[in-house]
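Could you walk me through this model in the viewer, one selection at a time? I would like to know what to pick next and what to look for there.

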Amino acid sequence: MATGAVAYRRSTLMARAGEAAQPVRAASRPMPWRADDLCRWVLTAGLGGVVIAVAWYFGAGEATFSQQLGPLDAAVAGLLVSGIGNVAWLLRGRRAVGERRRALIPDLESARRRRRVASAALRPEGPRPPAGAVEAADRLFVAGAGMERFHRPGCALATGRDGWSHMTRAEHERAGRRPCGVCRP
Amino acid sequence: MDLRTWLRLQWDRALAWVFVAAGAAALIVGWVGVSGNAYAAGQLPYVISGGIGGIFLLGVGATLWLSADLRDEWRKLDRIEDALRDGSTDEAAAL
């Protein structure tokens with residue numbers, strides 16, 4: 001476990017070192033947050049810090065405890081504002097990373113489930129699909145015009161792509177396409 | 001890897017450590033100030049500056065540290081996407 005953590009840390013260090021030598025990728029953002037997320041976080045954290053500093057300034061200038069309660073309340077409010085900003089910033093980044101990971105890496109469990117359903121449909125005792133329907137669906141792969149790779153219809157990289165054509169492997173290969181590295185058709 | 005290179009590559013974690021250290025120092029100073037003062041009116045400014053201010057700094061430091069982890073994961077997804085685009089599935093599997 002510790003070795004894995006060290007290896008992961010080393011790989012991220014190497015990635016950061018390599019990043020300096022490579023041009024910035026145009027396709028993706030350099031970090032999970034957008035500029036408006038950054039503005040919101042800086043504003044909320046900065047506002048919280050300023051409110052705490054101002055509350056301390058006015059609280060220290062008061063002579064009695066009851067007069068200091070107002071600044072104390074303001075300081076707690078500033079802490080809450082900055083906390084909400086911090087949590088919102090982290091949740092936004094976590095959601096962006098999760099969405100990208102789901103788009104890139106296929107859901108292996110759902111792929112296995114689909115395969116199980118397909119094999120159950122082929123069993124003699126189960127309800128039989130129309131003759132050759134499963135085989136035909138298995139034989140057809142999808143790709144967009146001008147794309148270099150073809151995918152299984154259920155591939156995570158092909159979901160939500162309207163207008164992609166269904167063709168056989170041979171037709172895709174004649175068009176110069178190669179199999180997707182994720183779904184491996 | 002020397003310190004300057006580490007700071008350039010891990011600036012977010014270095015900044016997080018600075019905030020965490022400042023927060024811990026503020027908490028200690030606040031505790032010393034409160035314990036050395038017999039009156040509530042004299043203690044409250046230390047509670048605000050040392051206590052609440054220290055928690056604020058610790059929160060910002062923790063956020064920066066967790067942001068660095070998310071950014072690392074984002075870069076790793078960059079490399080996976082590059083590997084998939086280049087077709088080197090072995091490299092993607094290794095990632």
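The tour below goes from one long selection to its neighbours and then across to the other chain. Please keep in mind that this is a predicted model.

**Stop 1: H3 of chain B**

Start by selecting residues 40-86 of chain B, which form helix H3. This helix has 47 residues, and from first C-alpha to last it reaches 67 Å, close to the 69 Å expected at 1.5 Å a residue. Now centre on Val47(B): here H3(B) bends by about 35°.

**Stop 2: H2 of chain B beside it**

Keep H3(B) on screen and add residues 11-35 of chain B, helix H2. The axes of H2(B) and H3(B) come within 7 Å and cross at roughly 160°, which makes H2(B) roughly antiparallel to H3(B), since angles over 145 degrees count as such. Their crossing is left-handed. Colour the residues of this contact by type and you should find 18 nonpolar, eleven polar and three charged.

**Stop 3: the side of chain B that touches chain A**

Next, bring in chain A. In all, 31 residues of chain B are in contact with 41 residues of chain A. On the chain B side, H3 and helix H4 (89-94) each supply at least two of the touching residues. H3(B) gives the largest share, 27 residues. By type, this side of chain B holds 17 nonpolar, seven polar and seven charged residues.

**Stop 4: H2 of chain A against H3 of chain B**

Which residues of H2(A) meet H3(B)? Select residues 35-61 of chain A, helix H2, to see; the axes of H2(A) and H3(B) come within 9 Å and cross at roughly 170°. The two helices are therefore roughly antiparallel to each other. From H2(A), look for Ala45(A), Gly48(A), Gly49(A), Ile52(A), Ala55(A), Trp56(A), Gly59(A) and Ala60(A). Facing them from H3(B) are Leu44(B), Pro45(B), Ile48(B), Ser49(B), Ile52(B), Gly53(B), Phe56(B) and Val60(B). The contact of H2(A) with H3(B) divides into eleven nonpolar and five polar residues, with no charged ones.

**Stop 5: H3 of chain A**

Finally, stay with H2(A) and add residues 65-104 of chain A, helix H3. H2(A) and H3(A) pack at an angle of about 165°, with their axes 8 Å apart, and are therefore roughly antiparallel to each other. H2(A) passes H3(A) in a left-handed crossing. The contact of H2(A) with H3(A) is made up of 18 nonpolar, nine polar and three charged residues.

Terms used:
Residues are numbered from 1 along each chain as its sequence is written. Chains are lettered from A and ligands numbered from 1 in the order in which they are written. This is a predicted model: local features need pLDDT of at least 70, side-chain atom pairs count only at pLDDT 80 or more; totals for chains, interfaces and linings use all residues. Helices (H or I, at least four residues) and strands (E, at least two) are DSSP runs, numbered from the N terminus. The expected span of a helix is 1.5 Å times one less than its number of residues. The bend at a residue is the angle between axes fitted to the seven residues ending there and the seven starting there. Two residues are in contact if their C-beta atoms, placed from the backbone, lie within 7 Å. Ala, Val, Leu, Ile, Met, Phe, Trp, Tyr, Cys and Pro count as nonpolar, Asp, Glu, Lys and Arg as charged, and the others, Gly among them, as polar. Axes are lines fitted to C-alpha atoms, for helices over the stretch in contact, and angles run from 0 to 180 degrees between N-to-C directions. Angles under 35 degrees count as roughly parallel, over 145 as roughly antiparallel, 65 to 115 as roughly perpendicular and the rest as oblique. A crossing is left-handed if the near helix is turned anticlockwise from the far one by less than a right angle, and right-handed if clockwise.
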